Amino acid sequence: MSDLPYFIIIAAASAGFFISRHIARKKQAGEPLVCPAGFECDPVVRSKYSHIAGMSLEYLGMAYYAAIVVVYAFFYATPTLLIHPVLSFAILAASVGAVLFSLYLTGVQLFALKHWCSWCLASAAMCLIIFAGVWYIAVLS
């Protein structure tokens with residue numbers, strides 16, 4: 001199997017981690033979050049939808065992305081190790097959950113908040129890329 005899917009997953013997860021960290025730093029510092037695409041990010045990242053079970057979504061995102069980087073770096077570094085099917089399914093399920101949650105949050109931006117955040121959309125894109133890579137490795141290869 002090609003190394004490319006592993007590199008794509010690790011790169012997308014790294015980008016997602018740094019996007020989430022950028023949002024967290026701006027919110028923690030009380031600074032406005034400037035969107036590169038000219039959208040209004042602050043109404044999105046400071047809305048009532050920016051928390052789940054008392055946890056800020058950017059920290060949840062950082063944990064998810066960091067876990068993906070660690071797991072796929074380990075998989076890449078130990079190609080002879082047989083990956084247990086339960087672990088493979090758990091990672092696939094996590095990536096499905098992440099992409100579905102990203103779609104939900106994109107819907108919140110569209111229908112509830114009526115504001116867009118380019119950082120949030122970029123994070124959703126990273127979830128989609130990770131899902132595609134995980135699907136390719138777990139199902140198609």
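Helices here are DSSP runs of at least four residues and strands are runs of at least two, both numbered from the N terminus. The model you are looking at is a predicted one, so let us get to know it through a few exercises.

**Exercise 1. Find how many helices and strands the chain has, and in which order they come.**

Solution. Begin with the count: the chain holds 5 helices and 2 strands. Next, walk along the sequence, and the pattern reads α-α-β-β-α-α-α. Now ask about the overall form: with a radius of gyration of 16 Å, close to the 14 Å that the globule rule gives for 141 residues, the chain is as compact as a globular protein of that length. To finish, the C-alpha trace spans about 45 × 30 × 25 Å along its principal axes.

**Exercise 2. Work out what share of the residues is buried, and what share of the accessible surface belongs to carbon and sulfur atoms.**

Solution. Of the 141 residues in the chain, 35% are buried. The accessible surface comes to about 8,000 Å², and carbon and sulfur atoms hold 73% of that. Turn then to the contacts with a separation of 6 or more: residues 24 or more positions apart account for 73% of them. As for charge, there are 7 positive and 5 negative side chains, and the centres of the two sets lie 6 Å apart.

**Exercise 3. Locate Ser50 and decide: is Ser50 buried or exposed?**

Solution. First, look in the loop between helix H2 (42–45) and strand E1 (51–52), where Ser50 sits. Second, compare its relative accessible area of 5% with the cut-off for buried, which is under 20%. Ser50 is therefore buried. Third, examine its side chain: a polar atom there lies 2.7 Å from the backbone oxygen of Ser47. Fourth, look beyond the neighbours within four places in sequence, and you will find Ser50 in contact with residues including Lys27, Val44, Met55 and Glu58.

**Exercise 4. Explain what is unusual about the phi of Ala53 and of Lys114, and place both residues.**

Solution. Start from the general rule: most residues other than glycine have a negative phi. Ala53 is not a glycine, yet its phi is positive, at about 55°. Lys114, also not a glycine, has a positive phi of about 55°. Now place them: Ala53 belongs to the loop between E1 and strand E2 (55–56), while Lys114 is in the loop between helix H4 (85–113) and helix H5 (118–140). Lastly, check accessibility against the cut-off for exposed, over 50%. Ala53 counts as exposed at 84%, and Lys114 counts as exposed at 60%.

Definitions and conventions:
Residues are numbered from 1 along each chain as its sequence is written. This is a predicted model: local features need pLDDT of at least 70, side-chain atom pairs count only at pLDDT 80 or more; totals for chains, interfaces and linings use all residues. Side-chain values use heavy atoms; hydrogens and water are left out. The radius of gyration is taken over C-alpha atoms; the globule rule is 2.2 Å times the number of residues to the power 0.38. Buried means under 20% relative accessible area, exposed over 50%, partly exposed in between (1.4 Å probe, protein chains only). Contact means heavy atoms within 4.5 Å. Accessible areas come from the Shrake-Rupley method with a 1.4 Å probe; for residues, only the protein chains shown count as cover. Lys and Arg count as positive and Asp and Glu as negative; His and the chain ends are not counted. The place of a charge is taken as NZ of Lys, CZ of Arg, CG of Asp or CD of Glu. A polar contact is a pair of N or O atoms within 3.5 Å; within protein, one must be able to donate a hydrogen and the other to accept it, and residues adjacent in sequence count only if both atoms are side-chain atoms.
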